[in-house]
Amino acid sequence: MLKSIELQPAYKEDLPLLLNLLQDAKEQMASSHITQWNSYYPNIGVLIKDIEDRSLYSTGASNIAAISIDRRGKDWYLHRLMVHSSVKGQGIAKKILSNIIQNGYSNNVDNIWITTNHSNLPMIHILTSLGFSFSHKIKIHGREEYGDFIIYNYNLTQKMLRL
């Protein structure tokens with residue numbers, strides 16, 4: 001089991017590894033009946049945009065995980081957390097999110113936001129176990145047939161007051 005997860009910025013040279021990771025994540029979701037992603041989203045164009053925006057982070061050559069972190073002022077928005085099936089069940093997603101929360105405190109971030117589909121029960125469990133709070137539900141254009149998407153928030157300023 002891995003003790004820590006080191007994320008680094010992803011580059012265009014990483015695309016073959018990232019596409020493999022993306023395909024693996026899509027297959028995991030499909031086999032678990034999680035209706036969050038589909039055959040056309042996310043895709044190579046989304047990954048390229050994340051790389052160009054310098055928001056995509058990965059575990060590099062180990063290719064076990066990646067996440068997009070969109071930094072907007074004092075709020076961070078997390079997208080497309082992917083963990084390879086070869087390390088499924090080892091707590092990788094939770095470690096990544098925990099590291100992001102700790103980095104948020106270090107960088108004076110107010111809120112961390114993440115959206116997941118109502119069918120993604122493993123992610124919902126991870127988020128609530130880390131202290132993320134339900135914010136609200138939305139429908140996503142082009143994916144309405146997948147039902148509600150749930151937005152969770154980790155309010156670092158509120159949590160800091162409790163420490």
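Is R80 buried or exposed? R80 is buried, because its relative accessible area is 15%, below the 20% cut-off for that label. The structure you are looking at is a predicted model, so let's take a friendly walk through some of its helices, a strand and a few backbone details.

**How helices α3 and α4 meet**

- Two packed helices are described by the angle between their axes and the distance between the axes.
- Here, the axes of α3 (residues 92-106) and α4 (residues 121-129) come within 10 Å and cross at roughly 40°.
- That angle makes α3 oblique to α4, because it is neither under 35 degrees nor in the range of 65 to 115.
- The crossing of α3 past α4 is right-handed.
- On the α3 side, the residues in contact are A93, K94 and L97.
- Their partners in α4 are M123, I126, L127 and S129.
- Sorted by character, the residues of this contact comprise 5 nonpolar, 1 polar and 1 charged.

**A look at α3 by itself**

- Helix α3 has 15 residues, so at 1.5 Å a residue it should span 21 Å.
- The C-alpha atoms at its ends are 21 Å apart, which agrees with that expectation.
- Many names appear on the buried list for α3: I92, A93, K95, I96, L97, I100, I101, G104 and Y105.
- Of these, A93 and L97 also take part in the contact with α4.
- Just after α3 comes N108, where phi is positive, at about 55°.

**The loop between α1 and α2**

- Find the loop between α1 (15-31) and α2 (44-52), and you will see P42 there.
- The peptide bond leading from Y41 to P42 is cis, and its omega is near -15°.
- H33 is found in the loop between α1 and α2 as well.
- Phi of H33 is near 60°, a positive value in a residue other than glycine.
- H33 counts as exposed, because its relative accessible area is 66%, over the 50% cut-off.

**Back to R80**

- Look for R80 in strand β4 (residues 75-83).
- Phi of R80 is near 55°, which is positive although the residue is not glycine.
- While H33 is exposed, R80 is buried.

**Q158 in helix α5**

- Q158 is found in α5 (residues 156-162).
- Its relative accessibility is 44%, so Q158 counts as partly exposed.
- From C-alpha to C-alpha, Q158 and I140 are 28 Å apart in space.
- Along the sequence, Q158 and I140 are 18 residues apart.

Notes:
Residues are numbered from 1 along each chain as its sequence is written. This is a predicted model: local features need pLDDT of at least 70, side-chain atom pairs count only at pLDDT 80 or more; totals for chains, interfaces and linings use all residues. Side-chain values use heavy atoms; hydrogens and water are left out. Axes are lines fitted to C-alpha atoms, for helices over the stretch in contact, and angles run from 0 to 180 degrees between N-to-C directions. Helices (H or I, at least four residues) and strands (E, at least two) are DSSP runs, numbered from the N terminus. Angles under 35 degrees count as roughly parallel, over 145 as roughly antiparallel, 65 to 115 as roughly perpendicular and the rest as oblique. A crossing is left-handed if the near helix is turned anticlockwise from the far one by less than a right angle, and right-handed if clockwise. Contact means heavy atoms within 4.5 Å. Ala, Val, Leu, Ile, Met, Phe, Trp, Tyr, Cys and Pro count as nonpolar, Asp, Glu, Lys and Arg as charged, and the others, Gly among them, as polar. The expected span of a helix is 1.5 Å times one less than its number of residues. Buried means under 20% relative accessible area, exposed over 50%, partly exposed in between (1.4 Å probe, protein chains only).
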